[in-house]
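Q: I am new to this structure and would be grateful for a close look at a single part of it. Please choose one strand and describe its surroundings.

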Amino acid sequence: MTTYIKHPLIKKDSIESRLYQQVLAGDVLKKGNTMVVAPTALGKTIVAILVAADRLQKVKNSKILILSPSKPLAIQHESSFKEFLNLPCASITGSVKTDDRVKRWEESRIISATPQTVESDLLNGRYDLSSVSLIVFDECHHGVGAYSYVYLASRYVKESNYNLILGLTASPGSDKSKIKEVCENLYIQNVVVKTESDRDVKPYFNPVKIDWARIDMSPELEKINNALEKALKIRLKTLKNMGILKTVSVTKVDILKTRGRIQGEIARTTNPKKELFQAISILSAVINIQHAQELVETQGVHPFNKYIKRLRKKTTKASKSLMNDPNFSRAVRLAHDAEKNGWEHPKLRALAEILKKELGTGDGQTTLKTARYDNKQDDKTSKVIVFTQFRDTLEMIHEKLEREGIKSAKFFGQATKDGEKGLTQKEQKEIIKAFRMGEYDVLISTSVAEEGIDIPAVDLVVLYEPVPSEVRMIQRRGRTGRKRTGRVKVLITNGTRDEGYYWSSVRKEDNMKNQLIDPKVLKELNDSAVARMDNEKKVKVIEKPKEEKLPLVYADSREGNSKVIRYLSQMEMDVKVHSMAVADYQVSDEVAIERKTAKDFVSSMIDKRLFKQARELSEEFKRPLMILEGDDLYSGMVNPNAIRGTIASIALDFGISIIPTRDAQDTAAMIKRIAIREQSGEKTNIQIRTDKKPASLWEQQLFIVESLPAIGPVNAKNLLEHFGSVANVFNASESELMEVEGIGKITAQNIRKVIESKYLYFKKEIKEKKLL
């Protein structure tokens, strides 16, 4: 007989009583900030709900904040908490209007949100975290670098008087330093690991059987790959003769490290040798060839030909040298002929056979000698997800399945690639809904479906190629085995990168498990988190008296993901985030700051954005500044003298002072100093530039008339054409205004009211001061 959790805040007979979930929740409540590492479908969300119910009951009038890396996942958690708890629950994402977000925060006890949205609201002072008694970081392995989780955890520890942090993940990573960073950033003091082999978990866990299909490369692909190998070896030997490489037996990682080393040498040299730039060009060509080989070995000729098409459009020395190389050209020619003759990677045929057998649409035969297939567990229609790395391969698979009569849907991200628009969030939802309803049997997806998307449980997951990341392998595997025994098939081409990637992910996953159960590692993580927590409490933010105003800085909304705004908010600054037409930061009417990281400075110099931005900055502000952040300005492939010439032009031709800073924290400190200097003495209101100043006379006239109530560009143009000048528009009577097309009685009345009414701001201010 099934028993259920009994709690005043949990709906009756809604949560099945599972001892391991109750023990996990008890550990969190007893031991403090905890990371729960458990496979997908083990009920980590239920653990969060149990902890939330206890905190909401014991900490009166407090709130629970659940953070998720994507909007669909945030909405999914909102639905789960509503299903099980008896308290008001709402979601806060970027698609919700600002006022509605504030209202939802104030009226709800449980808030499920995306971290970037909460961060933006906090920085704008719309609400704070003081009343939050539990914050849940779902997919907490994201808590590294500049990700919003890091800032929110730090701010939560400072603002809340009864903080408790719960991190949830199926895969924190195999790298000890990465796990340590996540624990430090999220103040994790306790790590609990549950696996499918634990005795208390086994009765509730559906095992996932992993099977792999080994496939031999076709002779056609072997010929293409051999030609690419010859082109590669020539360049590796050249690099060895130049003293750049010690051996020609190198991996892609080795090449990337070597390129970084050479770039660093160029950056440290005033007049770099030409050989260094030559080496960079050859290394770039090597990277291109290695990627081309990976496509041939693991994907097929169609994705390879798509890649070549993109490579032809590049104008770099590396791409040109490849197109003129006889061995590379031979590979290109062979691949073109192969696709023309309909030759495809054997994986594609194998995939079609696997799907036909799974869906019951084929003859039940297979040419795979080592592939093993399970009998279907019941007569229900199977659902399958096929994962692939590349969008080109996704398109190829889709076309193949269509020809084979298998109903499939393409599922990929929102970014536009090669002119093909990405899927909007609405389109993604429609595809998932259709897949759930059975309109499609197979969902072909890139990595976008690994996490953060509410995809229904499937019977089979097929990996068109293995990935070297243990995190991604775990996420993909977690899409099956939720309702019954799950199955995963990995397609591996013999003797290729596929084999290396597969065993790399297996090794990393084993390392991750070993480290997470190592008492020494856990103690080290715990000690580090406790020390950081104590340090944060020592520097807890103390509110200043209201009469003492903080230095004010306006930041452009596009800077929202930078660390600079976070550091500014921690430096006792009044930071207001707005959409700004010019500059990244503004501290007075005359002073605005364009922030450029070294990488962004060089890239905007190459694509000509830099001089356009400099011109607009100098035209809009009397004293424009540019902050150049980072010490790796000369580490790229651009000649240092070209960069120096650009800096000189910015300073001399546009009159923009350039200030160097080390990093984001140094940039924030510099902006604070500038703001204090500008705002010393009597503080004045800052008029931020949400739109660029009109340049020409007619633009200025339109700009003035458009400022009238309910007047847009069309009505402004009609008014000016009718009356002939701005003065005549302002002097026109209500009835005269109504003669113009698009101007009704109410609009005319409002225009006259704005023009004729007395300016009462100062009188109102004096009156308020007298009352005080």
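A: The following account concerns one strand, its partners and the core beside them.

The model is a predicted one. The protein has 772 residues, of which 50% count as buried, and contains 30 helices and 19 strands. Among the contacts with a separation of 6 or more, 72% are between residues 24 or more positions apart.

The strand selected is β18, which spans residues 623-629. Strand β18 is mostly covered, with six of its seven residues buried. One partner is strand β17, residues 591-597, which runs parallel to β18 and is joined to it by seven bridges. Within this pairing, Glu 594 stands opposite Met 626 of β18. Another partner is strand β19, residues 657-661, and here five bridges connect the two strands, again in the parallel sense. In this pairing Glu 629 is placed opposite Thr 661 of β19.

Contacts of Ile 671 lead from these strands to other parts of the chain. Leaving aside neighbours within four places in sequence, Ile 671 is in contact with Ile 627 and Ile 593, as well as with Val 553, Val 564, Leu 568, Tyr 585 and Val 587. Ile 671 also belongs to the largest nonpolar core, a set of 53 residues. Together with Leu 65, Leu 67, Phe 137, Leu 568 and Tyr 585, Ile 671 touches the most other members of that core. Helix α6, residues 148-159, supplies the largest share of this core, namely six residues. A second core, separate from this one, has 41 residues, including Leu 351, Ile 431, Ile 444 and Ile 455.

Terms used:
Residues are numbered from 1 along each chain as its sequence is written. This is a predicted model: local features need pLDDT of at least 70, side-chain atom pairs count only at pLDDT 80 or more; totals for chains, interfaces and linings use all residues. Side-chain values use heavy atoms; hydrogens and water are left out. Buried means under 20% relative accessible area, exposed over 50%, partly exposed in between (1.4 Å probe, protein chains only). Helices (H or I, at least four residues) and strands (E, at least two) are DSSP runs, numbered from the N terminus. Two strands pair if DSSP finds at least two bridges between them. A nonpolar core is a set of buried Ala, Val, Leu, Ile, Met, Phe, Trp, Tyr and Cys residues joined through side-chain atoms within 4.5 Å. Contact means heavy atoms within 4.5 Å.
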